[in-house]
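Q: I would like to take a close look at a single part of this structure and then follow it outward into its surroundings. Please explain it step by step, in a way suited to a first-year student.

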Amino acid sequence: MNIICIDTSFSSVAITAQGNDGTVTSVFTPAKARHSAILIPAIEAALKQAGFSINETDVLVCPQGPGGFTGLRLAYSTAKAIQLQTNARFFCVSILEAFCSKYGNKNQFLSVIDAKRDCFYVQAFENKKPISEALDISAEDALKLIDKNKKTIICGYGTDKFSEEAGAAIESHNITLIEADKDTFSKTLLDCFLTNKNCKKVEDHEGPVYIRKSDAEH
């Protein structure tokens with residue numbers, strides 16, 4: 001099975017490709033240019049190393065969101081263009097759920113993404129099952145989603161900033177902070193697909209999920 005995982009959700013472009021021979025290749029390109037200018041070369045480089053062409057693609061996987069409007073939309077539009085060309089299957093993975101899938105355990109888990117404007121995209125989990133919706137709230141309000149008497153892992157992008165903004169509120173919790181690796185998130189997408197975790201088929205009419213209303217209205 002030939003699989004392409006495309007992650008342009010934040011400040012970088014990361015591609016993971018798995019070919020029929022079992023090879024897995026990750027390509028990370030610093031975003032010194034526009035995402036749109038480097039995405040196709042990054043995909044082509046990954047596929048060359050994985051041993052298949054775009055026309056031989058069987059599966060495409062992208063982040064569902066939340067994240068930046070431009071990056072999420074670019075990954076979706078590129079994947080849909082490849083799907084039209086190849087008739088490949090197209091799947092998406094919630095970024096917040098993927099953090100829990102990779103780093104979570106039986107403890108409480110809080111996925112976080114720095115959403116700027118003094119807020120974070122967050123979702124709370126317990127035993128790897130959601131106990132809240134995905135929200136756009138402050139660090140202080142995010143801590144209200146979890147039981148401070150239980151061990152909790154907070155993982156995602158911007159955990160140091162989350163801890164700083166939560167201030168004294170975080171000190172009263174039994175918390176471990178883990179900063180997720182943006183460079184390897186495309187590999188996490190592949191793992192989610194291969195293990196059938198948090199992976200959803202993308203229908204023709206569907207696009208990324210935006211929590212912040214201003215992003216959804218673009």
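Leaving aside its neighbours within four places in sequence, with which residues is Glu 179 in contact?

A: The model considered here is a predicted one. Apart from its neighbours within four places in sequence, Glu 179 is in contact with Gly 156, Tyr 157, Gly 158, Thr 159 and Asp 160. Glu 179 itself belongs to strand β11. Its relative accessibility is 44%, so Glu 179 counts as partly exposed. A further distance helps to place this residue: Glu 179 and Pro 130 are 49 residues apart along the chain, and their C-alpha atoms are separated by 20 Å.

Two of the contacts of Glu 179, Thr 159 and Asp 160, lead to helix α5. This helix covers residues 159-166, and within it Thr 159, Phe 162 and Ala 166 are buried. Viewed down the axis of α5, these buried residues fall within an arc of 55 degrees, which means that they line one face of the helix. The face turned away from that buried side carries the exposed residues Asp 160 and Glu 164. Glu 179 thus touches both Thr 159 and Asp 160, of which Thr 159 is a buried residue of α5 and Asp 160 is an exposed one.

The surroundings of α5 can be described next. Its buried residues pack against the strands β6 (108-114), β7 (120-126), β10 (152-157) and β11 (175-179), and also against the helices α4 (139-143) and α6 (168-171). Strand β11, where Glu 179 is found, is therefore one of the elements against which the buried residues of α5 pack. After α5 comes Gly 167, which has a positive phi, near 60 degrees.

A positive phi also appears at residues that are not glycine. Most residues other than glycine have a negative phi, and most peptide bonds are trans. Asn 127 has a positive phi of about 55 degrees although it is not a glycine. Asn 127 is placed in the loop between β7 and β8 (129-130), and β7 is among the elements that meet the buried residues of α5. With a relative accessible area of 45%, Asn 127 is partly exposed. Asn 198 likewise is not a glycine and has a positive phi of about 55 degrees. Asn 198 is found in the loop between α7 and β12 (199-201). Its relative accessible area is 30%, and Asn 198 is therefore partly exposed. As for peptide bonds, a cis bond joins Gly 65 and Pro 66, with omega about 0 degrees. Pro 66 lies in the loop between β4 (59-65) and α2.

Helix α7, which precedes the loop of Asn 198, meets another helix. The axes of α3 (residues 95-103) and α7 (residues 185-194) come within 10 Å and cross at roughly 80 degrees. That angle makes α3 roughly perpendicular to α7. On the side of α3, the contact is made by Ile 95, Ala 98, Phe 99, Ser 101 and Lys 102, while α7 contributes Phe 185, Thr 188 and Cys 192. Sorted by class, this contact has 5 nonpolar, 2 polar and 1 charged residues.

The cysteines offer a further point of interest. The structure holds 0 disulfides. For Cys 100, the closest cysteine sulfur is that of Cys 155, and no bond is formed because the two sulfurs are 9.2 Å apart, too far for one. Cys 199 is in no disulfide either, since a disulfide requires sulfur atoms within 2.5 Å, and the nearest cysteine sulfur, that of Cys 192, is 6.9 Å away. Cys 100 has a relative accessible area of 3% and is therefore buried.

Finally, a residue elsewhere in the chain may be set beside Glu 179. Ile 4 lies in strand β1 (residues 3-7). Its relative accessible area is 0%, so Ile 4 is buried, whereas Glu 179 is partly exposed. Not counting residues up to four places away in sequence, Ile 4 touches Ile 15, Thr 16, Ile 43, Leu 47, Phe 52, Thr 57, Val 59, Leu 60 and Val 61. Ile 4 and Phe 90 are 86 residues apart along the chain, and their C-alpha atoms are separated by 9.7 Å.

Terms used. Residues are numbered from 1 along each chain as its sequence is written. This is a predicted model: local features need pLDDT of at least 70, side-chain atom pairs count only at pLDDT 80 or more; totals for chains, interfaces and linings use all residues. Side-chain values use heavy atoms; hydrogens and water are left out. Axes are lines fitted to C-alpha atoms, for helices over the stretch in contact, and angles run from 0 to 180 degrees between N-to-C directions. Helices (H or I, at least four residues) and strands (E, at least two) are DSSP runs, numbered from the N terminus. Angles under 35 degrees count as roughly parallel, over 145 as roughly antiparallel, 65 to 115 as roughly perpendicular and the rest as oblique. Contact means heavy atoms within 4.5 Å. Ala, Val, Leu, Ile, Met, Phe, Trp, Tyr, Cys and Pro count as nonpolar, Asp, Glu, Lys and Arg as charged, and the others, Gly among them, as polar. Buried means under 20% relative accessible area, exposed over 50%, partly exposed in between (1.4 Å probe, protein chains only). The arc is that of the directions from the helix axis to the C-beta atoms.
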